[in-house]
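Here are a few exercises to work through with the model open in your viewer. Try each task before you read its solution.

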Amino acid sequence: MKITIIGCGSYCWTPTLFRDIVCTDGLDGSEIVLEDINPKHLADLHKCCESILAQTGKTGKFRLSATTDLPKALKGTDYAILTITTGGYEAMEKDLKIPYKYGIWQPVGDTVGPGGISRALRNIPVVVDIAKQMEKHCPAAWLLNITNPMSTLTRCVWRETDIRCIGLCHELYGTLAKLQKLLGCRDWRRDFDCVSVGVNHMPWITRLRYKNQDALPALRRALKEGRMPSAGNGPGTVLDRTLTCHDQVKFELFKAYNALPAAGDRHIVEFFPFFCTGKMRKGAAMGVKLTTIEERRRSWTPAWKKNVASITSGKTKIKAEVSQESTSKVIAALAGMIEWKDIINIPNAGQVPGIPKDIIVETMGLITRDNAYGLPVGEVPPGILTQIERHATNQEMTVEAAITGDRGLVLQAMLNDPLCGAIGDFHRMEKMMNDLLVANRKWLPRFFKKRGA
């Protein structure tokens, strides 16, 4: 089989994704192609992956190559993994700084809010182009998307092409790992039976069983007794050492909705208008920290690059084990080697009642040979259903706007977005939208066509 990592120049993601692939049972003998538009990043990660092969005893068991030629990388691919950032930090900085000027604070700015909408508008045309190239060079391949905003990017592939796409996110894992500690469980993946429903970065655990009993009452008791989990994202996720939160937001919402949001608080707060306000000290009152692009440039990227260099030199020793990330297991399942149950983002085919067909929803799913099914979630509580509907509808409008260059739909999406309500002035809202579009002009030609063109 042939596996292609598109955007493999990610110093954060590629070492984990690659190690998982070469250490997953059944994938020996595969061809792995690394693709990136940045030759320096590509060369660095190619050397890193060669070191991982050597350290795990897998040299000779996989065919590894690297290229900046996307069509060449895609030709004959069975599974493509997407990890890109259109515009990089330069564009992301505008997603955050422009809304700051209008009184909107976003801890992440990659999914919803004005930053998430702006990032989607930039990424969607690029991702559609990649998927159309897949139609030409590997039409039967699956695209496994770990790029944000996950919901809109997964949706645009299904909507605009015949390529099958699954969005994969690790946020639920961190929440379940914390519940494991709170409830005295040894292995959440083996011992928990979880029903989760929502959109990416805002899934809700509506049912949780442990030892064949409803575990949510035990969670309420633990919280009442003040047994809070320690900060962090749980074991095995890519961003363990860089992102922490104290879960005050998710547990307050658990009390309000009787269901537990299952993402990091940094993401959750961006779906509501109440947490990152001036009165809430921009989120700090609930333990949420804004992460600036300056901080990411100064701390995150140097740490990731140092890790890659350390792996390449052999200073950091790589164990032949698989992380909690699910990408390699999903590939093994799609190849028919195992059946795998996991949290997935795919079109709604009835797994979430009350939500229109084809909208991307995040639920538990079953991956089998060449197929992925969303598992039924049952009746969704009205308060949560309303949240899903609001954001899913906004994401549909964002996809349409990105494809057509319709500024009116962008404005509607921002008017409907909870965070944007902080502006309190329609004309300033419209000005913020225009500021974001102009700042990203080189990525958004559809929005700047000459009249009559």
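The exercises below deal with strand pairing, aromatic rings and nonpolar cores.

This is a predicted model, in which local features need pLDDT of at least 70 and side-chain atom pairs count only at pLDDT 80 or more, while totals for chains, interfaces and linings use all residues. Residues are numbered from 1 along each chain as its sequence is written, and side-chain values use heavy atoms, with hydrogens and water left out.

**Exercise 1.** Find the strands that pair with strand S8 (residues 202–210) and say how they run.

*Solution.* Helices (H or I, at least four residues) and strands (E, at least two) are DSSP runs, numbered from the N terminus. Two strands pair if DSSP finds at least two bridges between them.
- Step 1: strand S7 (residues 192–199) is antiparallel to S8 and joined to it by eight bridges; Val195 has Arg207 as its bridge partner.
- Step 2: S8 also runs antiparallel to strand S10 (residues 260–261), with two bridges, and Trp204 is partnered by Pro261.
- Step 3: strand S9 (residues 213–214) pairs with S8 over two bridges, again in the antiparallel sense; here Tyr210 partners Gln213.
- Step 4: look at the turns. The S7–S8 hairpin has two residues between its strands, and His201 has a positive phi of about 70°. In the hairpin of S8 and S9, Lys211 takes a positive phi near 55°.

**Exercise 2.** Decide whether Trp204 is buried or exposed, then classify its ring pair with Tyr257.

*Solution.* Buried means under 20% relative accessible area, exposed over 50%, and partly exposed in between (1.4 Å probe, protein chains only).
- Step 1: Trp204 has 0% relative accessibility, so Trp204 is buried. Tyr257, at 26%, is partly exposed.
- Step 2: rings of Phe, Tyr and Trp (its six-membered ring) pair if their centres lie within 6.5 Å; planes under 30 degrees apart are stacked, over 60 edge-to-face, and the rest tilted. With 4.8 Å centre to centre and 55° between the planes, Trp204 and Tyr257 form a tilted pair.
- Step 3: Trp204 lies in S8 and Tyr257 in helix H10 (residues 248–257), so the pair ties together parts 53 residues apart in sequence.

**Exercise 3.** Which residues have the most contacts inside the largest nonpolar core?

*Solution.* A nonpolar core is a set of buried Ala, Val, Leu, Ile, Met, Phe, Trp, Tyr and Cys residues joined through side-chain atoms within 4.5 Å.
- Step 1: the largest core has 47 residues, and Leu121, Ile124, Met414 and Met432 have the most contacts inside it.
- Step 2: helix H5 (113–137) is one of the contributing elements, and H5 gives the most, with nine residues.
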